[in-house]
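Reader: Please take me through the largest nonpolar core in detail. Then show me what else stands out around the chain.

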Amino acid sequence: MKRSYLVRALTRTSTRSRTSSLTRSLCSSASPPSGADVALKNVTKSNFEPALAELRRHVREADFVAVDLEMTGVTSAPWRESFEFDRSDIQYLKIKDSAEKFAVVQFGVCPFRWDPHSRSFVAHPHNFYIFPRQENVGDGLSNEFLCQTSSLEFLAKYQFDFNACVYEGISYLSRSEEEEALRRLDSVYKDERPNASFKFRNGVNTQLISMADILFAERMKNMVSEWRAGLLREGGKGHEIQGSLNDTSQKFQTTFFHMRPALVVNGLTSRQLRLIKLITEKHFKDLACVYVTGETSSRQPLIVYTDSTTDRESLMRELKACQRKEAETKIKAAIGFRQVIDLLSSQRKLIVGHNCFLDLAHVYNKFVAPLPLTAEEFVSAFRTYFPHVIDTKVLLNLDDVLLRIVGRGGTSLSKAFGLLCPPIVPSSSSSVLAGKPRVRVEVVVDDQRFSNWNSGAKHEAGYDAFMTGCVFSQACLHLGIDFSSHAVAVDLLHNEKLQKYVNHLYLSWVNGDIIDMKTGKGAAEALGSTSVKRQRPKIVFSNMILLWGLPSKLRAKDIKDCFCQVFGRGSITSIYHLDETAAFVQFSKAELVSDFLIFLRRDDPISVLHPLSRIFESGCVHAASYEAYKEICSSPVSELLFADQAKAVGINWNTRLVEQANGSENQDEGTCEKEHKINAIPLCRDQEKTIPGTVESDTQSSCHFPTHELVDSFYPSEAQLSK
């Protein structure tokens, strides 16, 4: 089996120099003169502020905004890929897992504005490098994320600049992270009284425990006393004292802090500073030890003179207010790239993506809050920030006119771009639009306007966002939207020809499931989408049994043959492999699921001649219902093999499913699905027709197969199993 290995950090994959990679060129054949290069606008932390200011103007004027993301991976294990037998709630859990585990390293934003004078759309592509760097916020651990080697290889193939991402990528805080940081700040500063905790850091009880401490404290006491006496004697004028510490010259210089004389303390260790704090508080009631932010943004220790208790308390309040303001400023500065997300959210523009549900999950998880547990909760929360989204993948597949143009194999972004947008891609050989009207699209980069260039920068997020917007604009024209009739702006949000497609996204392209972002429910059948699910057998989840711990050599045909020998020809409709260790078995009738569970309940050892012995020969095969699959998928753990994943999740191995099969057949199915704890049945045997000596440590009862004398009764030729 092909395995997808994960690494914990970005490695030095790019061989290009950083300087050359930051200018990805698009060759123009229009004015300016032939041969001029249009640099795709790359945005890093060094030019983020001016680029953001420019983007604000373009988004406000835009008719729609196209977006695209590049990530460090898609699936954390092979069995977490999207399968045709995945129910919609499972599909969401897999997308949730991907968005939580992998990082976004590029974010493409491309506003499109209709220009009635040139009768063309004007695009402003921006390619943001982002990196989840933690910058001076709290004392938490650094962010972690997974990398999928195939994804890194893909990015490297298209010359992704990993150095620019790591060193120059724009950091960010999500809304929930910002709120949590401010909440922690409030808890620290909620006490309005002056507080000694705002003096020297590490101001814990310090004792003189060595002769060196005693000598240092005495020397500092004399020096501080001399400085204080000089202040009182000379009326607060500047005064310098020199001292020696461990034969190292130290300079103590008088300055002013909030109109109060203060002594700057330089070149001391943290313990020495704590000793100074100790002797100052003990011997000088009119002096206060504080930390302030210096001109270089470093923390500077000071000893400040106060002329009264009231003045001392006033100083501490002032210091507390300054420190709070500094901390709030750092939190606001750490928001970083999220300002772009806030901009798109506040403007309520139509957001256009291509097969973009995973992109939107990343947007919510990275920049808003942790992803909710269900798709319904997610779409409800997401629409409060982005109420209008169109998936061009859905648009191309659901509209008959567009589907005839691009064909069923032409709905990928690059293929659709080449087929629908030949004016933008002059090298395209497509003739599907010959003689048909086309939408002109021009690009503005750094106040220069260009058209007719090649797609040399594809799979950069900024260029992919541009391609997405071009495909959408051309698709709108084929839907019958007449841009030339609009004198100022195009109201795409309320266009009746687009309403069918707004807020309908592919939850899974593999099985053709479309989710309605208004309700969180499936919408494929209502929209008439049959492009993917055609020719496939119907999947009935209540008829399915999940097996894992299977021998790796077993194929789907082998498993089906074994079951059919026991339960009859036609008893098994489908076998779906998760990976080499696990598979779903779909029975033709729900009753056969119960029969299988009853069969597993028998207490006698299995004969080596029994047809199912080939499946259970590993001695560690487990069986469970579809709901166990949901519980396993919802776990944040991601083992490479499904059997290892199930073990890591720690499902309680008892016989609840068997008991349901025996005596709870009339129980409401919906109630069963709502139960949080899902249980499975261990299936064990050995080569000597006996039960193995050891099974899972938390197994509550032994599980055996029928004796040799009972085997014949399970063959369809002798008897039919029934309830």
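Author: The core comes first, then the cavity, the salt bridges and two backbone angles.

This is a predicted model, in which local features need pLDDT of at least 70 and side-chain atom pairs count only at pLDDT 80 or more, while totals for chains, interfaces and linings use all residues. Residues are numbered from 1 along each chain as its sequence is written, and side-chain values use heavy atoms, with hydrogens and water left out.

A few terms for the whole chain. The chain has 24 helices and 25 strands. Both are DSSP runs numbered from the N terminus: helices are H or I with at least four residues, strands are E with at least two. Of its 723 residues, 53% are buried. Buried means under 20% relative accessible area, exposed means over 50%, and partly exposed is in between, with a 1.4 Å probe and protein chains only. Take the contacts between residues at least 6 apart in sequence: 74% of them join residues at least 24 apart. A contact means heavy atoms within 4.5 Å.

Now the core. A nonpolar core is a set of buried Ala, Val, Leu, Ile, Met, Phe, Trp, Tyr and Cys residues joined through side-chain atoms within 4.5 Å. In soluble globular proteins, nonpolar side chains tend to be buried together. The largest core here holds 49 residues. Phe-107, Phe-128, Ile-130, Phe-337, Phe-357, Phe-378 and Met-517 touch the most other members. Several elements each supply at least two residues. Among them are helices α2 (48-61), α3 (88-101), α10 (338-347), α11 (357-367) and α12 (375-382). Strands β5 (64-71), β6 (104-115) and β19 (504-508) are also on that list. Helix α11 gives the largest share, 7 residues.

Look closely at Phe-128. Set aside its neighbours within four places in sequence. Phe-128 is then in contact with Val-43, Phe-48, Leu-55, Val-105, Gln-106, Phe-107, Val-109, Ile-170, Phe-337 and Val-340. Phe-107 and Phe-337 are also among the core members that touch the most others.

A second core is separate and has 48 residues. It includes Ile-405, Cys-421, Met-467 and Cys-476.

Next, the empty space. Rolling a probe the size of a water molecule over the atoms shows where empty space is left. On a 1 Å grid over the protein atoms alone, a cavity is a set of points where a 1.4 Å probe fits but cannot get out, and lining residues have an atom within 4 Å of a point. Grid points are joined across faces, edges and corners, and a volume is the space filled by probe spheres set on the points. The count comes to 1 cavity of 30 Å³ or more. The largest cavity has about 60 Å³ of space. Val-67, Phe-107, Ile-341, Leu-344, Ile-351, Leu-360, Val-363, Phe-382 and Phe-386 line it. Helices α10 and α11 are the elements that give two or more residues to this lining. By class, the lining has 9 nonpolar, no polar and no charged residues. Here Ala, Val, Leu, Ile, Met, Phe, Trp, Tyr, Cys and Pro count as nonpolar, Asp, Glu, Lys and Arg as charged, and the others, Gly among them, as polar.

On to charge pairs. A salt bridge is a side-chain nitrogen of Lys or Arg within 4 Å of a carboxyl oxygen of Asp or Glu. The whole structure has 26 of them. In one, the closest N and O atoms of Arg-80 and Asp-97 are 3.3 Å apart. Arg-80 lies in the loop between β5 and α3 and Asp-97 in helix α3, so the pair ties together parts 17 residues apart in sequence. Both ends are buried: Arg-80 has a relative accessible area of 2%, and Asp-97 has 4%.

Lys-277 and Glu-281 also form a salt bridge, at 3.1 Å from N to O. They are 4 residues apart in helix α8 (residues 270-283), so about one helical turn separates them. Lys-277 is buried at 10%, whereas Glu-281 is partly exposed at 26%.

Salt bridges also link Arg-175, Glu-178, Lys-332, Arg-338 and Asp-342 in a network.

Last, the backbone. Most residues other than glycine have a negative phi. Arg-119, not a glycine, has a positive phi of about 50°. Arg-119 sits in the loop between β6 and β7 (120-123). Asn-503 also has a positive phi, about 65°. Asn-503 lies in the loop between α16 (461-478) and β19, and is buried at 2% relative accessibility.

Note on methods. On a 1 Å grid over the protein atoms alone, a cavity is a set of points where a 1.4 Å probe fits but cannot get out, and a pocket is an open set with protein on both sides within 12 Å along at least five of seven lines; lining residues have an atom within 4 Å of a point.
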